[in-house]
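Let's walk through this model together, one question at a time. Have the sequence and the structure open as you read.

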There are 2 protein chains.
Amino acid sequence: MTPEAPYSLENCLELDRVDPLAGFRNKFAFAASGNIHFDANSMGAMTKDAPDRVHRLLTKNWRDKSRRSWSTEDWLEKPRKLGASISHMIGANSQDVVVCDNTTINLFKIISYAWKLRGSGNAILTEAHNFPTDMHVAQGFLKFLEDLGVAGHIIKAETREQVVDKLDRNVALLYLTQTDYRSSERWDLSEMNRRAHAVDALTIWDLSHSAGALNIDLMGTGSDFAVGCGYKYLCGGPGGPAYLFINPEHQGKSWPTIAGWMGHAHWDKFSSDFEPAANVAGHLTGTPQVVANEIFSAAADIWSKVQRADVADKHQSLTETLIGILEQECSPLGVGINSPKLYQKRGGHVSFSHAGAGQVCEALVDHGLISSFRFPNSIRLGLSPLYHNHEDVWKAVQIIKDVLFQEAWQHPKYENVSM
Amino acid sequence: MTPEAPYSLENCLELDRVDPLAGFRNKFAFAASGNIHFDANSMGAMTKDAPDRVHRLLTKNWRDKSRRSWSTEDWLEKPRKLGASISHMIGANSQDVVVCDNTTINLFKIISYAWKLRGSGNAILTEAHNFPTDMHVAQGFLKFLEDLGVAGHIIKAETREQVVDKLDRNVALLYLTQTDYRSSERWDLSEMNRRAHAVDALTIWDLSHSAGALNIDLMGTGSDFAVGCGYKYLCGGPGGPAYLFINPEHQGKSWPTIAGWMGHAHWDKFSSDFEPAANVAGHLTGTPQVVANEIFSAAADIWSKVQRADVADKHQSLTETLIGILEQECSPLGVGINSPKLYQKRGGHVSFSHAGAGQVCEALVDHGLISSFRFPNSIRLGLSPLYHNHEDVWKAVQIIKDVLFQEAWQHPKYENVSM
């Protein structure tokens, strides 16, 4: 789908004309300002119907039916239904994914469960520059073990080569984020699962910066566990719940660490004695996030209508076009591409460098392009296959070019850089 | 404030005329049907401005400002702000409470943290008929310890006397729900904290069926830890986040079990190495529930304007009136009061028994009164000091009386009983 250089607005419009996903764009709401929202990483776009769905839930259900909604609506089943609706996007079967809690909590649940299942090895191997909350959860879990007198340690590899080198039988868990939140460099799930299993380590993947953009095949690649954030590419709403996947091979082998009534095999029976659901649902906890789940449902209804291969093809086309136009138009203005140029090595976003990145990012907002800055000199552009098109890409690069060429970012008002 | 029997509608109207909290009723939204909503236990009422606040957040923030809202709005500080807004309702200082996650997860965080702090004793003492999710969390935590080779067990006392009897030096944690979710029997925080501390045990209180109704003084009674649900009397919205309190004496003594970036001492710095906030905020986890927090904020804005003694006085008056009228009007119709009649022994709700309770509860909905059924023969009436008045109480009992007197509940359509 990618055009030859030189890139032009006409090329982009032609790509959009043949885009099989073009029809989904009108399911999403955009700012009246016309700003181009290239920030799928921090917060995906809102579905058009989310506000009405929430309003209906608050008034028809909470206000009018009050507690009867617990039994007449699907509030309590929603975590399993939402999991089923997005499962195909990560190559999982519908019954192996649940949507609940947040990424941090799901990471804790999975690390502690996987650690028990592995039963030998005493290290968690990860990258030193894994996303902060991922690092914190692993550190916190090991500190907890230490306080209980149980041995365990973290191995923080500085480079990807070191991750491979340090993977030996002492490693209980190989714990990685598939897409680097800064560079967008992507791990090969298949290769790393194979390497981990060769030394009996289990794999835990954070897919936060991948799902909804890449063609992820958890089952096909033999992945053991995965979690991810719902509010980035998946458009589940700011602070919305996260997801959790367990390979069926590992389900029901031990109790979940956080045992709560929604994880009970018979949660509707109000039993005092916990009996975990034998599948991934055993890792649900307490009352689901009713309102946030409704917002996520609006997006999940869309995801249930698309194939992940189509989504990935469109994402590849959008990001290759973006990189091509950025190089063509902005290389002379000090822009370098931080993300891998080879599609197979690249994750959900495209990151480019510029010496004044923080201020440039602030100036871009003022000029109609929303991106996100990552210290020290990189700007992330997150593209959604569902609501972005190639014309957006062309326009966005023209904005970047203008801001750099006019040096608009040097204005003192852009000195205060937000994250 | 309580009238002498016989009770009358006139008595009730007089009590409402002198009610200092009467003005708060118009801050809440009620069903157009005019149903009386006596179900503060499963779901408190909606504030009138919740739908507009949520709509504004979705459109002005998520849609229009997108990721900039993370830095320009108070989304990331909300868990601490909400904690401060409700802290006085449980007798805590503003900096010692946070609102986050759900009750189940907060119970797990607190049990595991308190267990480490106690450092000796190997049992968690609780009631056998504590709320199901409370039981599950304790069982799950002990199973986790067992799987790691660490000894620990649960003591499930069948009666309140047995709880007192079994409290000895082997008990690490005394773990109780202040108000029994069925009978509404109330524990005396002060007495039980004293008894626990006499054997060096730490106390964990679940206040889900107490906060927003009773005069709770966590600091004054020397309580160690507390958690509770936000969506019952506190009106935080269905599935909204829960709260967590740690006595300052116990803060910063160890790492939180679930370490996440919002619990970092410098969460805004994106550091890879976890350093827990030294106070209760260290127990925050990942991204806050942005939309649910906005709904809770609408209620918290109201809580911040009331004194807990006024709230408790009104609640006492409402529930004493309810018991009095129920006895006066419905005793001959097979109604018995399940909850303690002495106010000091009673928690947030009033529970009454009837042989056909399940069907009666269904019939009451059809006749304009929403209550909740608890197996086998009890009906719970949850009264809110902020939005109920004595006239509601009079009307509600007339509905109960009619349904029982006419035997309307015997109709086959009420055979399907929901929880």
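Q: How many residues of strand 5 of chain B are buried?
A: A word first on the source: this is a predicted model. Strand 5 of chain B is mostly covered. The count of buried residues in this strand is five of five.

Q: Which residues cover the two faces of strand 5 of chain B?
A: Both faces of this strand are covered. On one side sit B:Ala123, B:Leu125 and B:Glu127, and all of them are buried. On the other side the buried residues are B:Ile124 and B:Thr126.

Q: In strand 6 of chain B, which residue is the bridge partner of B:Glu127?
A: Strand 5 of chain B runs parallel to strand 6 of chain B, and five bridges join them. Together with helix 6 of chain B, these two strands make a right-handed β-α-β unit. Within strand 6, the partner of B:Glu127 is B:Ala157.

Q: Which residue in strand 7 of chain B stands opposite B:Ala123?
A: Strand 5 of chain B also pairs with strand 7 of chain B, in the parallel sense and over three bridges. Opposite B:Ala123 in strand 7 stands B:Val171.

Q: What is the order of the seven strands in the open sheet of chain B?
A: The pairing in this sheet is mixed. Its edge strands are strand 4 (97–100) and strand 6 (153–157) of chain B, each of which pairs on one side only. From one strand to the next, the twist averages 20°. The order of the strands is 4-10-9-8-7-5-6.

Q: Which residue in strand 10 of chain B is the bridge partner of B:Val227?
A: Strand 9 (residues 225–228) and strand 10 (residues 242–246) of chain B run antiparallel, with four bridges joining them. In strand 10, the partner of B:Val227 is B:Leu244.

Q: What angle does helix 6 of chain B make with strand 6 of chain B?
A: Two helices can be placed against the strands here. Helix 4 (residues 78–87) of chain B lies across strand 4 and strand 10 of chain B, at about 125° to strand 4. Helix 6 (residues 132–147) of chain B packs on the sheet, where it touches strand 5, strand 6, strand 7 and strand 8 of chain B. The direction of helix 6 makes an angle with that of strand 6 of about 155°.

Q: What do the buried residues of helix 4 of chain B pack against?
A: Helix 4 of chain B is mostly covered, with seven of its 10 residues buried. Among them are B:Pro79, B:Leu82 and B:Ile86. The buried residues of this helix pack against strand 4, strand 10 and helix 9 (290–303) of chain B.

Q: Is B:Thr103 buried or exposed?
A: You will find B:Thr103 in helix 5 (residues 103–118) of chain B. B:Thr103 touches residues including B:Asp206, B:Val227 and B:Ala242. Its relative accessibility is 13%, so B:Thr103 counts as buried.

Q: How are the two copies related?
A: A turn of 180° and a shift of 0.0 Å along the axis lay chain B on chain A with an RMSD of 0.0 Å. The two copies are therefore related as by a two-fold rotation axis.

Q: In chain B, which residues lose the most area to chain A?
A: The contact takes 91 residues from chain B and 91 residues from chain A. About 7,500 Å² is buried between the chains, and carbon and sulfur atoms give 67% of that area. Together giving 12% of what the chain B side buries, the residues that lose the most are B:Trp62, B:Arg67 and B:Phe270.

How values were computed
Residues numbered from 1 in each chain as written. Chains lettered and ligands numbered in written order. Predicted model: local features only at pLDDT ≥ 70, side-chain atom pairs only at ≥ 80, totals over all residues. Heavy atoms only, no water. Pairing = 2+ DSSP bridges. Axes fitted to C-alpha atoms, helices over the stretch in contact; angles between N-to-C directions. Contact = heavy atoms within 4.5 Å. Buried < 20%, exposed > 50% of the residue type's maximum accessible area, 1.4 Å probe, protein only. Right-handed = clockwise from strand over helix to strand, strands pointing away. Least-squares fit on C-alpha atoms with pLDDT ≥ 70 in both. Buried area = accessible area lost by both parts, 1.4 Å probe. Lists of a residue's contacts leave out its neighbours within four places in sequence.
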